[in-house]
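Open the model in your viewer and keep the selection tool at hand. The stops below say what to select next and what is there.

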Amino acid sequence: MIGLVFLASIMILVVTVSQYKEEAEDYHKKRLLRKETAVKVHINSILENTSFEVKTSKLKYIFKSNGSTRGLSSISELSRIHKMPINIYDLNGHLIISSLWHLDKNLDSTWVLSPQIIKKIDQNRDKRYVIKHQGKDGEYQSSYSYIYDRQFKPIAILNLPYLADSTFYKKELEEFLKNLGTIYFFMFILAIIMSYLLSRYITKSLSTVNNILRQTSFDKQQQKIILKNPNDEINELIESYNKMVDQLEESAEKLAQNEREQAWRNMARQVAHEIKNPLTPMRLNIQSFQMMFDPNDPDIKQKFDEFAQMLIEQIDLMSKIASAFSDFAKMPQAHLEKADLVETIRSALKLYDPSQVRFVSNHEQILFNFDKSQIQRVIANLVKNALQSVPDSREPDILVSVREAEEKIYITVTDNGSGISKEHRSRIFEPKFTTKNSGMGLGLSIVKKIVENHNGKIYFNSEPDVGTTFIIEFDK
Ligand SMILES: Nc1ncnc2c1ncn2[C@@H]1O[C@H](COP(=O)(O)OP(=O)(O)O)[C@@H](O)[C@H]1O
Ligand SMILES: [Mg+2]
């Protein structure tokens with residue numbers, strides 16, 4: 001915009017100046033012609049009335065200064081009336097008489113016109129020739145034309161040097177340029193202000209969009225963009241972004257649904273598998289006992305006891321497995337009630353050796369809406385994992401902390417264990433994922449489920465061989 005205004009002002013300037021120049025030139029040309037005509041009419045009337053014979057050699061007597069009886073025929077008189085110098089040359093270009101003679105001593109009969117000028121006058125259709133030259137007080141236009149006798153035969157050349165006085169035009173031009181300058185100055189300022197406002201208006205909405213886009217991450221709920229009166233293009237952009245958010249949410253929903261179904265399928269398969277495992281050895285054992293059963297065997301009582309013991313153990317194992325899965329499956333809805341989180345965690349940690357598991361809190365009491373037994377289960381699971389992660393060569397040092405901040409409550413469990421290797425990080429919250437021989441792999445998935453039931457988040461930092469910190473974040 002600024003560039004355009006600037007360009008326009010330059011173009012107008014150039015056009016105007018050249019227009020003015022042309023007009024001024026035209027004006028002077030016409031004026032010179034008018035004056036020339038007037039001088040010629042005057043000269044003709046003098047020639048008609050003179051008592052001298054009208055021919056070249058007599059001209060200097062006819063126009064001689066102060067020599068005329070009538071007082072009008074002198075060339076200086078003529079010059080004064082028409083307000084311009086007048087020179088008369090003979091046809092060969094020698095100066096016959098000049099109104100400037102008494103002023104300029106250089107002008108005398110030795111003053112000769114260049115033959116080119118003489119030729120040009122003859123060649124031109126109107127028998128007239130105008131040359132321009134730059135004098136010290138401005139531009140001169142000098143016209144040359146014939147003076148005729150009564151028979152229209154050229155007898156001399158009339159030369160009228162004319163000072164093209166452009167001060168009037170110059171002044172006018174200056175005035176105009178000044179006005180133009182003022183107008184364009186204000187236009188310029190206006191353009192700057194307008195482009196500033198416009199660009200700010202555009203960048204403001206763009207930067208809002210930009211900010212929201214920057215905050216966008218795929219692991220949390222997408223925020224829609226709402227802008228107060230955005231312009232059309234940006235509105236379009238925002239609309240398509242919002243539509244994308246909707247679609248994303250929809251597909252995330254579908255994905256979650258899918259994942260849940262997949263998880264349940266896996267779970268069912270796993271349960272079937274775990275329960276079938278001990279069934280085969282049980283069946284074999286019963287079959288062999290049945291075959292070898294001998295009521296007369298004196299040891300039969302002891303053998304039967306052993307057999308029954310083994311069966312009971314297997315059945316217990318199956319029941320343990322079944323209840324672990326049902327625990328996981330029938331995670332009850334969180335029963336939220338206002339309670340003291342510090343107290344709850346402290347009581348959950350009573351089971352552990354205080355030299356191995358320490359507890360800190362930044363407040364005596366942190367009141368919060370939560371399900372007591374579920375949070376205790378979370379702490380128990382995390383602390384159990386933490387203790388299990390510490391290699392035998394080290395003394396366990398577990399720190400449990402609860403911290404109330406401005407808008408959030410943080411619970412952390414830090415251990416000095418072996419850490420979580422890179423390839424396991426993405427999977428540890430999956431049900432049935434374990435790296436332990438005896439593990440069920442359900443602990444962390446239960447923890448995650450509980451935390452999410454409380455509208456919280458759980459994540460962790462881990463450094464191999466240094467330790468792991470699990471962080472739970474609740475909104476107050
Ligand atoms: N504090 C920890 N330090 C190192 N690894 C851990 C920690 N907590 C959990 N893990 C890893 O996450 C896996 C899953 O844990 P979890 O769901 O509790 O099942 P489990 O304890 O039965 O293996 C563990 O097998 C272990 O590899
Ligand atoms: Mg565990």
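Begin with helix 8, residues 341–348, which lies across strand 7, strand 9 and strand 10 (408–414). Helix 8 runs at about 170 degrees to strand 9. Keep in mind throughout that this is a predicted model.

Next, select the sheet under this helix. Strands 7, 9, 10, 12 and 11 form an open sheet in the order 7-9-10-12-11, and the pairing is mixed. At its edges stand strand 7 (357–361) and strand 11 (457–463), each pairing on one side only. From one strand to the next, the twist averages 15 degrees.

Stay with strand 7 and add strand 9, residues 398–404. The two run parallel and are joined by five bridges. Within this pair, select Arg358, which stands opposite Leu399 in strand 9.

Now show ligand 1 with the residues around it. Which residues come nearest? Of the 22 around ligand 1, they are Ser389, Thr434, Gly439, Gly443 and Leu444. Two elements, helix 9 (372–389) and helix 11 (443–453), give two or more residues to this shell. Helix 9 gives the most, with four residues. Colour the shell by residue class to see seven nonpolar, 13 polar and two charged residues.

Zoom out to the whole chain. The domain assignment gives domain 1 (2–171), domain 2 (232–329) and domain 3 (337–475). The C-alpha centres of domain 1 and domain 3 are 112 Å apart.

Move to the other sheet on this tour. Five strands form an open sheet in the order 2-1-5-4-3, with antiparallel pairing. Strand 2 (95–98) and strand 3 are at the edges and have a single partner strand each, so one side of each is left without a neighbour in the sheet. The twist here averages 25 degrees from one strand to the next.

Select helix 1, residues 2–49, which packs on this sheet and touches strand 3, strand 4 and strand 5 (154–164). The direction of helix 1 makes about 140 degrees with that of strand 5.

Then look at both ends of the strand order. Strand 1 (residues 87–89) runs antiparallel to strand 2, and three bridges join them. Asn87 has Ser98 in strand 2 as its bridge partner. For the last stop, select strand 3 (residues 128–135) and strand 4 (residues 138–148), which pair in the antiparallel sense over eight bridges. Strand 3 and strand 4 form a hairpin, with two residues between them. Tyr129 has Tyr144 in strand 4 as its bridge partner.

Technical notes:
Residues numbered from 1 in each chain as written. Chains lettered and ligands numbered in written order. Predicted model: local features only at pLDDT ≥ 70, side-chain atom pairs only at ≥ 80, totals over all residues. Pairing = 2+ DSSP bridges. Axes fitted to C-alpha atoms, helices over the stretch in contact; angles between N-to-C directions. Contact = placed C-beta atoms within 7 Å. Domains from an automatic or database assignment. Near = placed C-beta within 6 Å. Nonpolar A, V, L, I, M, F, W, Y, C, P; charged D, E, K, R; others polar.
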